[in-house]
Amino acid sequence: MSGSDLAGRVEDVLAVDDEEFHARAEDEAEVIKRELDAGTFDNPQAIIGLEYEFYGVDRETSALARVPRRLLEYIGFEKELGLHNAEMRTSPQPLNPHGLAAQEAEVSARLRTALDCVASADLRLVSDGMWTIPSEGEQARDYLTGSITDREVRIASNMSDSVRYHAMANTAGADAVGMNVDAPHVSLSANTVMPESLITSIQPHYQVAHAADLPEYFTYALRIAGPLLALGVNSPFFPPSLYDDAAPEAILDDGWMSHRIHVFEAILNPDGGTGKVRFPHDFDSAEEAVDRIAADDTIVPMPIEESNRFDDAFATFRQKHGTYWRWVRPVFEGASKSSANARIEFRPIGGQPTVRDTIAFQAIFAGLMESLTRREHPVANLDWQDAHGNFYAAMHDGLDADLVWITNDGRETRSYDELYSDLFAHAKDGLESRGLSESEAAKYLWPLRQRARHEVTPARWKRHEVRERLDDGDDFEAAVHGMQRAYIDRQSETIIGDSSFADWLAD
């Protein structure tokens with residue numbers, strides 16, 4: 001698509017009336033609530049799914065690389081924010097032994113095909129929380145902030161042709177997003193949301209059987225968000241050229257384990273304020289969740305393209321939901337009445353070293369959703385402020401975070417061992433309740449148990465690699481780039497199959 005064509009599409013978006021868009025979303029919320037009352041969003045069993053993001057790199061240098069759009073279409077991946085991004089979405093499956101196995105098999109099969117195809121273009125796809133080596137011949141800051149003006153429309157140079165994201169820099173509501181990063185020893189200002197393309201994630205989905213029970217599941221999802229984020233942190237470094245002149249030791253001491261969380265919030269939230277990307281509050285009913293989405297601030301009111309889907313009856317609401325950025329969020333959709341569903345998207349976890357680690361997070365999240373609700377685990381009574389504090393403590397410190405938990409017998413504890421013992425026991429119980437054998441459940445959870453047992457996450461592994469290189473005499477940029485190449489090399493050997501990040505620790 002030419003720049004002028006994209007600018008024209010952005011202009012079409014900017015012409016959409018904000019008040020009319022919001023009014024339609026409010027009206028359509030009533031449609032959803034009627035369908036909730038009619039049981040349309042109920043299903044006979046729990047269903048799981050997954051969104052899985054990658055970034056492209058040069059096979060020889062590991063430098064960031066743009067993935068050709070035609071290649072994405074060929075391998076069945078979807079474009080994401082940056083031209084270097086690619087996303088896979090799995091087919092929903094029942095939560096049972098065959099469904100989990102099907103999720104892993106689909107991810108592995110499609111990823112193997114994708115890796116083979118991009119290799120012909122001298123590329124690799126990387127599963128990670130944040131890239132650190134910019135594209136050849138470009139500085140990270142220039143890559144992330146480069147833009148042109150076409151017909152008075154601001155167009156990010158390295159962003160995909162997603163009109164919604166380009167429109168954010170041009171709408172009257174642009175001041176509702178900060179487009180600034182302010183992390184320890186890093187500051188970055190942009191005039192588009194392109195810096196968000198620094199980060200990549202995995203997003204397990206859990207579809208509840210009865211939509212009326214969504215608030216209970218959501219409450220538990222918020223309470224486990226901090227502990228699971230602590231296990232999954234994988235973005236301790238920015239591209240080195242983004243740092244100020246601080247000493248490497250200061251960067252290591254002051255940096256966070258999941259800068260990905262901050263980047264998403266800082267780019268899409270207003271400076272110094274609470275915005276659309278945040279840790280959400282509990283809600284008391286599915287109807288309340290619908291109302292919250294409908295009432296959420298609108299940054300870009302998008303034009304609606306209708307088809308023959310069932311959820312075209314609330315197409316404007318669905319568009320609005322696309323910018324309802326919460327770290328855990330409810331979803332109401334379905335192409336037909338028979339496939340209509342109410343689900344939870346769990347969004348805190350960055351990309352992981354291997355497919356097996358990714359499926360482990362899908363399994364632990366689903367297992368906990370099953371067991372905690374069925375057994376009415378008392379952690380539901382953990383104060384929301386404590387759950388919120390856990391989440392941001394995990395962002396900063398990973399497994400070193402001081403997390404508060406309520407155990408199965410109702411005791412409040414800050415014991416690391418008690419928290420993770422209880423967490424894994426209930427995840428295993430939940431998987432077994434869905435028909436997995438004891439050994440099958442243990443296999444899915446083993447990669448994360450090893451992290452908890454050895455207190456090592458991908459972020460901590462990266463920090464160790466950087467420290468070793470600094471001790472060997474590398475400067476900070478060489479140390480970070482060396483770590484990143486080591487990560488990518490290890491991943492190329494282990495990403496598909498029986499290996500996991502735990503095997504990296506054993507070497």
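**Figure 1. Surroundings of the Y243–F476 aromatic pair in the predicted model.** Y243 is buried, at a relative accessible area of 9%. Its partner F476 likewise counts as buried, with 12% relative accessibility. This structure is a predicted model, and a search of the whole of it finds 25 aromatic pairs. In the pair shown here, the ring centres of Y243 and F476 lie 5.3 Å apart and the planes stand at 90 degrees, so the arrangement is edge-to-face. Because Y243 belongs to the loop between α7 and α8 (248–254) and F476 to helix α17 (residues 476–494), the pair ties together parts that are 233 residues apart in sequence.

**Figure 2. A tilted aromatic pair within helix α14, formed by Y416 and Y420.** The ring centres of Y416 and Y420 are 5.0 Å apart, with 55 degrees between the planes. Both residues lie in helix α14 (residues 416–433), where four residues, about one turn of the helix, separate them. Y416 and Y420 are both buried. Y420 is also listed among the residues with the most contacts inside the largest nonpolar core.

**Figure 3. An aromatic cluster of phenylalanine, tryptophan and tyrosine residues.** The cluster is formed by F264, F279, W325, W327, W384, F391 and Y392.

**Figure 4. The largest nonpolar core and the contacts of F332.** The core has 167 residues, and those with the most contacts inside it are F41, Y206, F238, F332, I364 and Y420. Helix α7 (residues 214–232) gives the most to this core, contributing 12 residues. Leaving aside neighbours within four places in sequence, F332 is in contact with I32, L36, F41, L214, A286, A289, V290, I293, F314, R318, N341 and A342. One of these partners, F41, is itself among the core residues with the most contacts.

**Figure 5. The largest pocket and its lining.** The pocket has a volume of about 1,600 Å³. It is lined by 47 residues, of which E78, R89, R164, Q319 and G322 are the closest to its centre. The elements giving two or more residues to the lining are the helices α1 (3–14), α6 (163–168), α9 (259–268) and α11 (315–321), together with the strands β1 (47–58), β2 (85–89), β10 (328–333) and β11 (341–346). By class, the lining comprises 22 charged, 14 nonpolar and 11 polar residues.

**Figure 6. S127 and D128 in the loop between β4 and α5.** D128 is located in the loop between β4 (123–126) and α5 (140–145), and S127 is found in that loop as well. D128 is buried, with a relative accessible area of 0%, and S127 is buried at 0% too. The C-alpha atoms of D128 and N234 are separated by 6.9 Å, although the two residues are 106 residues apart along the chain. Those of S127 and T200, 73 residues apart along the chain, are separated by 7.7 Å. Beyond its neighbours within four places in sequence, D128 is in contact with Y55, T200, N234, G351, Q352, K462, Q484 and Y487. With residues up to four places away in sequence not counted, S127 touches Y52, F54, G351, Q352, P353, Y487, Q491 and I495.

**Figure 7. Positive phi values at S62 and R151.** Phi of S62 is near 65 degrees, a positive value in a residue other than glycine. S62 lies in the loop between β1 and α3 (69–75) and counts as buried, at 5% relative accessibility. R151, also not a glycine, has a positive phi of about 55 degrees. This residue is placed in the loop between β5 (147–150) and β6 (153–156). At 46% relative accessibility, R151 counts as partly exposed.

**Figure 8. A246 in the loop between α7 and α8.** A246 is partly exposed, with a relative accessible area of 22%. Not counting residues up to four places away in sequence, A246 touches H185 and I251. A246 and L36 are 210 residues apart in sequence, and their C-alpha atoms are 54 Å apart in space.

Methods
Residues numbered from 1 in each chain as written. Predicted model: local features only at pLDDT ≥ 70, side-chain atom pairs only at ≥ 80, totals over all residues. Heavy atoms only, no water. Core = buried A, V, L, I, M, F, W, Y, C linked by side-chain atoms within 4.5 Å. Buried < 20%, exposed > 50% of the residue type's maximum accessible area, 1.4 Å probe, protein only. Contact = heavy atoms within 4.5 Å. 1 Å grid on protein atoms, 1.4 Å probe; cavity = no way out; pocket = protein on both sides within 12 Å on 5 of 7 lines; lining within 4 Å. Points joined across faces, edges and corners; volume = space filled by probe spheres on them. Nonpolar A, V, L, I, M, F, W, Y, C, P; charged D, E, K, R; others polar. Phe/Tyr/Trp six-rings, centres within 6.5 Å; stacked < 30°, edge-to-face > 60°.
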